[in-house]
Amino acid sequence: MTLDGTALPRFDADAFGRELCGDLRSDHAGETGAVAIYMGMLAISRDKQLREFALTHLKTEQKHLALLDAWLPHTCRSRLLPLWHLSGWLLGATAAVGGRRFGYITVSAVETFVIDHCEKQLPDAPEGVQALLRNLQQDEAHHQQDAEQRAGDSTGRTSAKLWSNIVWHGSALAVSLARII
Ligand SMILES: [Fe+2]
Ligand SMILES: [Fe+2]
């Protein structure tokens with residue numbers, strides 16, 4: 001399997017160890033949730049700009065998920081995938097109900113969390129896995145910047161900060177669960 005022309009390392013659960021498998025399980029769960037966020041957004045929003053934004057980001061997240069789906073053995077996937085899909089969908093739908101800006105603020109908050117989550121995995125990951133994580137992280141950084149730019153000065157509002165905090169803690173809880181189940 002290759003990623004942008006670079007060969008992905010063979011998935012070796014024994015060599016990777018429990019920690020890294022837990023990380024990768026949470027990454028796969030995260031991509032499942034990310035795809036669902038944009039599906040939820042698109043199911044609810046009739047805003048042309050937000051829909052275009054969601055459609056573009058959805059394509060990237062589907063690529064991420066397809067990549068991990070092809071690489072990660074079933075033993076290294078979360079058993080709670082339907083829950084991650086549902087919670088992602090509900091988050092995207094809720095964000096869309098709140099309107100365009102609220103949608104952007106939500107995506108910016110999720111991606112800020114994801115970038116940090118990837119960063120924490122890098123020091124202990126083998127080289128080939130690092131390349132994969134950096135590749136995903138780069139896309140998520142683009143998503144975050146795009147969302148933040150579109151949200152404009154509304155990110156500075158107290159309500160936006162409070163919501164971003166809730167999204168952050170919700171994502172952290174999901175990761176803790178997905179790492180083990
Ligand atoms: Fe992603
Ligand atoms: Fe993303």
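**Glu 148**

I looked up Glu 148 and placed it in helix 5, residues 127–151. The model is a predicted one, and I read everything below with that in mind. Is Glu 148 buried or exposed? I find 17 C-beta neighbours inside 10 Å, so Glu 148 goes down as partly exposed; 20 or more would be needed for buried.

Next I listed what Glu 148 touches, leaving aside neighbours within four places in sequence. The contacts are Ser 108 and Thr 155. I also checked the spacing to Ile 105: the C-alpha atoms of Glu 148 and Ile 105 are 6.7 Å apart, with the two positions 43 residues apart in sequence numbering.

**Helix 5 against helix 2**

I stayed with helix 5 and took its pairing with helix 2, residues 48–71. Their axes come within 11 Å and cross at roughly 165 degrees. Helix 2 is therefore roughly antiparallel to helix 5, the cut-off for that class being over 145 degrees. I noted the crossing as left-handed.

Which residues meet here? From helix 2 I have Phe 53, His 57, Thr 60 and His 64, and from helix 5 Leu 136, Asp 139, His 143 and Arg 150. By class, the residues of this contact are two nonpolar, four polar and two charged.

**Helix 4 against helix 6**

Ile 105 came up again in helix 4, where it is one of the residues that meet helix 6. Helix 4 covers residues 100–121 and helix 6 residues 158–180; I have their axes coming within 9 Å and crossing at roughly 45 degrees. That angle is why I file helix 4 as oblique to helix 6. The handedness of the crossing is right-handed.

On the helix 4 side I wrote down Ile 105, Thr 106, Ala 109, Val 110, Phe 113 and His 117. On the helix 6 side the list is Ala 160, Trp 163, Ser 164, Val 167, Trp 168, Ser 171 and Val 175. Sorted by class, these come to nine nonpolar, four polar and no charged.

**Helix 1 against helix 3**

I then took helix 1, residues 13–44, with helix 3, residues 81–97. The two axes come within 6 Å and cross at roughly 40 degrees. This crossing is right-handed. The class count for the contact is 18 nonpolar, seven polar and no charged residues.

**Ala 29**

Within helix 1 I picked out Ala 29. Ala 29 has 27 C-beta neighbours inside 10 Å and therefore counts as buried. Outside the four places to either side in sequence, I find Ala 29 in contact with Ser 78, Leu 81, Trp 84, Ala 174 and Ala 178. I also looked up Leu 8, which is 21 residues from Ala 29 in sequence and 19 Å from it in space, C-alpha to C-alpha.

**The chain as a whole**

Last, I took the overall figures. The chain has six helices and two strands, and I read their order from the N terminus as β-β-α-α-α-α-α-α. The C-alpha trace spans about 45 × 30 × 30 Å along its principal axes.

How does the radius of gyration stand against a compact globule? For 181 residues such a globule would have a value near 16 Å; the chain has 16 Å, so I record agreement. Buried residues account for 35% of the 181. For contacts between residues at least 6 apart in sequence, I note that 83% join residues at least 24 apart.

How values were computed. Residues are numbered from 1 along each chain as its sequence is written. Chains are lettered from A and ligands numbered from 1 in the order in which they are written. This is a predicted model: local features need pLDDT of at least 70, side-chain atom pairs count only at pLDDT 80 or more; totals for chains, interfaces and linings use all residues. Axes are lines fitted to C-alpha atoms, for helices over the stretch in contact, and angles run from 0 to 180 degrees between N-to-C directions. Helices (H or I, at least four residues) and strands (E, at least two) are DSSP runs, numbered from the N terminus. Angles under 35 degrees count as roughly parallel, over 145 as roughly antiparallel, 65 to 115 as roughly perpendicular and the rest as oblique. A crossing is left-handed if the near helix is turned anticlockwise from the far one by less than a right angle, and right-handed if clockwise. Two residues are in contact if their C-beta atoms, placed from the backbone, lie within 7 Å. Ala, Val, Leu, Ile, Met, Phe, Trp, Tyr, Cys and Pro count as nonpolar, Asp, Glu, Lys and Arg as charged, and the others, Gly among them, as polar. The radius of gyration is taken over C-alpha atoms; the globule rule is 2.2 Å times the number of residues to the power 0.38. A residue is buried if 20 or more other C-beta atoms lie within 10 Å of its own, exposed if 12 or fewer, and partly exposed in between; C-beta atoms are placed from the backbone.
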